[in-house]
Amino acid sequence: MSLTVVEDGDKAMTRGGRGWAHDAPERRCIASGESGPTGPLIRFVLGPDDSVVPDLAGKLPGRGAWLSADRAAVAKALKKNLFARAFRRPVRVAPDLADQLEALIARRLVDLVALARKAGQAVAGFEKVRARLGEGRVGVLVTASDAAADGRAKLARIAPDHAGRIDLLDSGELGLAFGRDFAIHAALDAGGIADRALIEAGRLAGFRTPPVTDEEARVPARASGKLTEEGASRLPDKVIDER
């Protein structure tokens with residue numbers, strides 16, 4: 001299996017169809033050997049000390065190696081020393097790389113929701129989200145991973161089919177985006193920020209387990225999450241359905 005790495009300066013491979021733009025760049029995952037759009041992948045570069053550094057924005061200089069945003073892919077890369085093979089030299093890789101990536105991607109997602117809020121393109125709170133859904137402006141429905149099932153179901157019933165769904169962030173993380181202790185329900189207006197949030201959520205989904213809810217009340221989601229210990233410490237004993 002070839003593990004060729006396409007450098008940023010090289011001509012990118014392209015593929016049409018499958019929901020991706022015809023000129024969307026493709027890169028090859030060093031773990032699977034498969035090529036695909038960069039959205040589900042994470043770029044890595046070497047630091048001055050030959051340490052492997054994640055480049056989530058894809059803007060750092062130097063030769064890049066790409067890896068699927070997935071715990072299994074990270075584990076394989078570490079076990080088989082694939083970063084050294086990709087960069088063709090001995091490298092230093094943090095043993096907790098997967099956990100670091102989860103934290104970094106979650107922070108990027110929180111920051112994007114906060115950016116949407118500051119731009120007037122996001123609201124939080126059950127009633128505000130319901131009102132925004134009624135206006136037909138919602139591009140992404142965001143539900144805390146520890147949200148109550150009945151609140152999930154009520155908003156899911158009135159959400160348009162085309163709206164993206166994210167339930168990766170726990171209520172404490174989602175609250176950070178809105179400058180409060182916690183938030184349960186939020187909505188992002190359709191547009192560029194919402195699209196970027198879905199990309200980051202897709203990456204984060206490779207590192208977090210979907211929330212466990214009653215099957216009938218589950219919200220069909222593009223991305224799912226779990227309640228972290230830190231988030232749980234900020235919640236009351238009973239999960240709150242924000243109103």
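Buried means under 20% relative accessible area, exposed over 50%, and partly exposed in between, with a 1.4 Å probe and protein chains only. This is a predicted model: local features need pLDDT of at least 70, side-chain atom pairs count only at pLDDT 80 or more, and totals for chains, interfaces and linings use all residues. Residues are numbered from 1 along each chain as its sequence is written, and side-chain values use heavy atoms, leaving out hydrogens and water.

**Stop 1: the aromatic pair.** Select Phe83. It is buried, with a relative accessible area of 1%. Add Phe44, also buried, at 0%. The structure holds one aromatic pair (ring centres within 6.5 Å; planes under 30 degrees apart are stacked, over 60 edge-to-face, the rest tilted; for Trp the six-membered ring counts). The Phe44 and Phe83 ring centres are 5.0 Å apart and the planes stand at 65°, so the pair is edge-to-face.

**Stop 2: the sheet.** Select residues 41–46, strand 3. Strands are DSSP runs of E, at least two residues; helices are runs of H or I, at least four; both are numbered from the N terminus. Strand 3 belongs to an open, antiparallel sheet of three strands, order 4-3-5. Strands pair if DSSP finds at least two bridges between them. Four bridges join strand 3 to strand 4. Show Arg43: its bridge partner in strand 4 is Asp55.

**Stop 3: the core.** Select Leu67, Phe83, Ile166, Leu174, Phe178 and Leu188. Of the 53 residues in the largest nonpolar core (buried Ala, Val, Leu, Ile, Met, Phe, Trp, Tyr and Cys joined through side-chain atoms within 4.5 Å), these touch the most other members. Helix 3 (residues 97–118) gives the most, with eleven residues.
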